[in-house]
Amino acid sequence: MSLLPPEIHAALATLTQNLSSADNAIRTHAEEQLNNEWFTKRPELLLVGLVEQIQRSQDTSTRSFAAILFRRMSTKTRRSTGADPESKEQFMLLEPAQKVAIRQKLLECLQGERLPDVRHKIGDAVAEIARQYSDNGENWPELLQVLFVSSQSQDPGQRESAFRIFTTTPGIIEKQHEATVLSAFTKGFKDSDVTVRIAAMEAFSSFFISIQKNSKKKYYSLVPEILNILPPLKDSGDSDNLSKAFMSLIELAEEAPMMFKPLFHVLVQFSMTVIADKDLDNLTRQNALELMGTFADYASPLCRKDPTYTSEMVTQCLSLMTDVGLDDDDAAEWNASEDLDVEESDLNHVAGEQCMDRLANKLGGGAVLPPTFNWLPRMISSASWRDRHAALMAISAISEGCRDLMIGELDKVLDLVVPALRDTHPRVRWAGCNALGQMSTDFAGTMQEKYHQVVLSNIIPVLDAPEPRIQSHAAAALVNFCEEAEKVTLEPYLDDLLSRLLHLLQSPKRYVQEQALSTIATIADSAETAFGKYYDTLMPLLFSVLKEEQSKEYRLLRAKAMECATLIALAVGKERMGVNAMELVQILGNIQRNIADADDPQSQYLLHCWGRMCRVLGQDFVPYLSGVMPPLLELASAKADIQLLDDEEQIAKVQQEEGWEMVPLKGKVIGIKTSILEDKHMAIELIVIYAQQLKGAFEPYVMEIMEKVSLPGLAFFFHDPVRVASAKSVPVLLDAMKHAHGSGSIQLQHVWEITVEKILEVLSAEPAIDTLAEMYQCFYESVEVVGKNCLTQKHMAEFIESVRSTLEDYQQRVKQRAEEQQETEEGEEENEDILFAIEDDQTLLSDMNKAFHTIFKNQETSFLPSWARLMPFYDAFITSSDSTQRQWALCIMDDVLEFCGDQSWSYQDHIRKPLVDGMHDAIPANRQAACYGVGIAAQKGGANWSSFVAESLPMLFHVCRLPEAREDDHVFATENACASIAKILQMNSSKVPNVQEVFALWLSTLPVVNDEEAAPYAYMFLASLIDQRNPAVFASPEVTRQCFVAIASALEAETLQGTTAQRVAVAGKQLLQTAGIDITQALASLSPETQQTVAPFFS
């Protein structure tokens, strides 16, 4: 029975017919009617009418289209009416009776529809309404019963529909008893119809992902039934459904890889037969490979323990990697192609390469290298070029993950790779270049220092190859090598290298010219002043390219020429350039004025080029700011381009455009134009360069940038990098203002007043942990710039409240990670996201520490009232079992001791025991913080701390005498203990018994050759003992020589600088003269390297 009169149905029928019209004008008019007359004015009639069309129409296309349109219209967002309006999806705004009627009719349509395609669209509409109920915390009571009945129906189409809806909205079965869910899925996995079995797999995967981790084990028993679905699909050659099955397994393996542990070896063997089966389509084989790679990502111990996993995977990856250039044996088509960025991710050889990379990174060289090098020598000497190509690409793929083991065998690896540069087949030579380029990055340092002769003497001639693609790739590999090379390494090769690259600039292939320019630019950047020799040859050529009027296809070439010219300018400097510097700036200005198209690549390159020229010219760049800043400010001020995409047509249209990111949100998709945001980010980074380089001369732009770009950018939540760049810009802009007007100026104070309020605001609002750390850095760097007493009590109170909120959130994250850790199964890979999250939290605590330090430094005791409000947090952290928390709190207590003088004694109950415990801490960084704190108490705390610091001496000596005291991880704690003993003896020794004995013991804690802050205290104290002719330093010739060696060691290590180094060196000479030891003999006892470094100090 219809709920609507016939005229409504007639009008809707006409509307849907017109919406499907091939005539653009009719379709556009219908869209306007739909939105303006139906959706806006009578949405309830629209939705009810569409459901009745699905139910009543005899025409298949009408039912299908009505289901699609219903789904689209029901999810459109609009504001509700009434006293408290809010935005909701249209269906949820209907009256309760209307919603009930629509739900009932939808379920009747679903159960009554016989055509699979239409039924799927109705099912999508049902799932969409179910999702809206779920999102709003409401129930659709009759849906679950209908779906469970459908899953048992005699009609396979009904059974499939039930599982398809479960897939889309798994939340509707989450709360059901597991026995009911297990039974439904078990029947689905054993269904006689293959489409139902696959739908059940997909539904189970979606359901399994949605449930809590502690509930997942209840469903592990289903794994055998799931895996039993696979073999018949392979036996029947059903690639399409087998591929879908693997996709579901991949999702399950990502979520709980250990659920497959009992049958893992069986799954490995089956998957290998699929990967190797060339009768199946490539996507299916690649999905089987992806499943196996997923286990490496999420459960590497499981893979390592399997007897055949690694060797079989390496074999299959290498086999897939030979599946290249099948219809292009002589590579003629490949070499003729100028589209070097062609999308190849769906090709077998690319899948094999990517999987080899994952295996190496996740399983490590110990597992991957033996089976790989079992094949490589045979493949590299094979008569088939595809085998040789695959072997070289395998070396490229595994070198990063196997770095630690391969770095000692580079001679042997290069013996395999270098001959490939002379191979008869061009694609093998290309792969040889690729391997050397990748190795230059993965073994950076070693490749450049030890193997430059092998690499460069063999790859430079390849620049003259007859094939343009190989010329270009050899030049690209040289970028990788030269980026990591020292100037002295490159100098002997520059003549040969640059002469060949100059030749490539004459290539008829534009992409070769572009790559040659990029390589020359990189060489200039690395060779620095050594590049000056080639300046007169290269710069006129570049100027010629930049001055030519060129068509659109040459814009990128000119952009590369700009990049190259400005990098050469940076390498050789302003003096070497002479008048060319100003000429280059004028050329860049002329190019900028003539850019007309929004997509001209020269625009982006220009921005970076201006930044480089600013660094080259320094203050001489100021006159050009008026031309450079307007387009830069326009980019930096850009607003986010965000669109709410309601339907598939809109989504498809936006996806075809470059530079958009799609974010799913409650059944809809939000499109964010990321290209605009990336440009905005880059522009703000360039502003930072200008402000850093020009200081006070940049002041005319500071206020406008701060108000329109930087401060709004701190809360630009659409793009994390924009917020980070904005945070970096704030202190440098303040510094520019300070340089222009002075530290106490009204102008600086004015900009600081609006700035500090905004920074404090974002400290409480920033959602991303890594970005929040940047905001704390922005805060303390800004306080450091503005200086003493720049914070009011209100500011400090707000800061403390932000910290309180941050610490509460942090504690919650720590608790949640601990709970997740308890649920991790043995053999399951530690979640990388958790490791990154821990690292982000450590960075956050570190930057928060620096903020406390900076406030105490600039505000001193005036910060104490606000600071004390967080005492429960300090006490909890300082006694925590988590070493990071203990260190955080210890460092803050050190700041109280350092900057609050004798007032620190008021908090001694919160400081003394943590310092004592800290000196015994197993973590070196915490011992260091505690030892430093004791020294600061002696130096700054006054008489109140005398007894405590005296009692701490045995513990400080204990730190210095630990067996591992001089090891890399522990030496800073040791040297801080040494310096703290010196501070106690020199500045607060009134309660120290037997001081002279302690002097003698202290000498044995030297030298201090790592910590540049601790060294001056230790050695100035030693110098004072020498000046006083204290018996401790002259106790015996051996002791005196040890003191001299300790001084020489610090001078060599440069932990002593400037006047302090001179003062200590004078004391060292006096030490030897007083003891009657010849300086020449004393120096001769040192190593030749040390003698050479320190002799000038004693001449």
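A helix here is a DSSP run, H or I, of at least four residues, and the helices are numbered from the N terminus. I note at the start that I am working with a predicted model.

**Overall picture.** I looked up the secondary structure and found that it comes to 57 helices and five strands. I then took the extent of the C-alpha trace, which spans about 115 × 75 × 65 Å along its principal axes. Of the 1099 residues of the protein, I find that 54% count as buried.

**D525 and its surroundings.** I located D525 in helix α31, which covers residues 510-527. Is D525 buried or exposed? I record it as partly exposed, because its relative accessibility is 45% and that class lies between the limits of 20% and 50%. On the surface I also see that D525 belongs to a patch of negative charge, where it gathers with E449, E483, E484, E486 and E528.

**Cysteines.** How many disulfides does a search of the whole structure find? I got zero. I checked C303, which is in no disulfide, and the nearest cysteine sulfur, that of C355, is 9.9 Å away. C303 is buried, with a relative accessible area of 0%.

I went on to C978, whose closest cysteine sulfur is in C960, at 6.0 Å. Why is there no bond between these two? A disulfide needs the two sulfur atoms within 2.5 Å, so I conclude that 6.0 Å is too far for a bond. I also entered C978 as buried, because its relative accessibility is 0% and buried means under 20%.

Technical notes
Residues numbered from 1 in each chain as written. Predicted model: local features only at pLDDT ≥ 70, side-chain atom pairs only at ≥ 80, totals over all residues. Heavy atoms only, no water. Patch = residues over 30% accessible without salt bridge, like charges linked within 9 Å, V, L, I, M, F, W, Y side chains within 5 Å. Areas by Shrake-Rupley, 256 points an atom, 1.4 Å probe, with all protein chains shown as cover. Salt bridge = Lys/Arg side-chain N within 4 Å of Asp/Glu carboxyl O. Lys, Arg positive; Asp, Glu negative; His and termini not counted. Charge placed at Lys NZ, Arg CZ, Asp CG, Glu CD. Helix = DSSP H or I, 4+ residues; strand = E, 2+ residues; numbered from the N terminus. Buried < 20%, exposed > 50% of the residue type's maximum accessible area, 1.4 Å probe, protein only.
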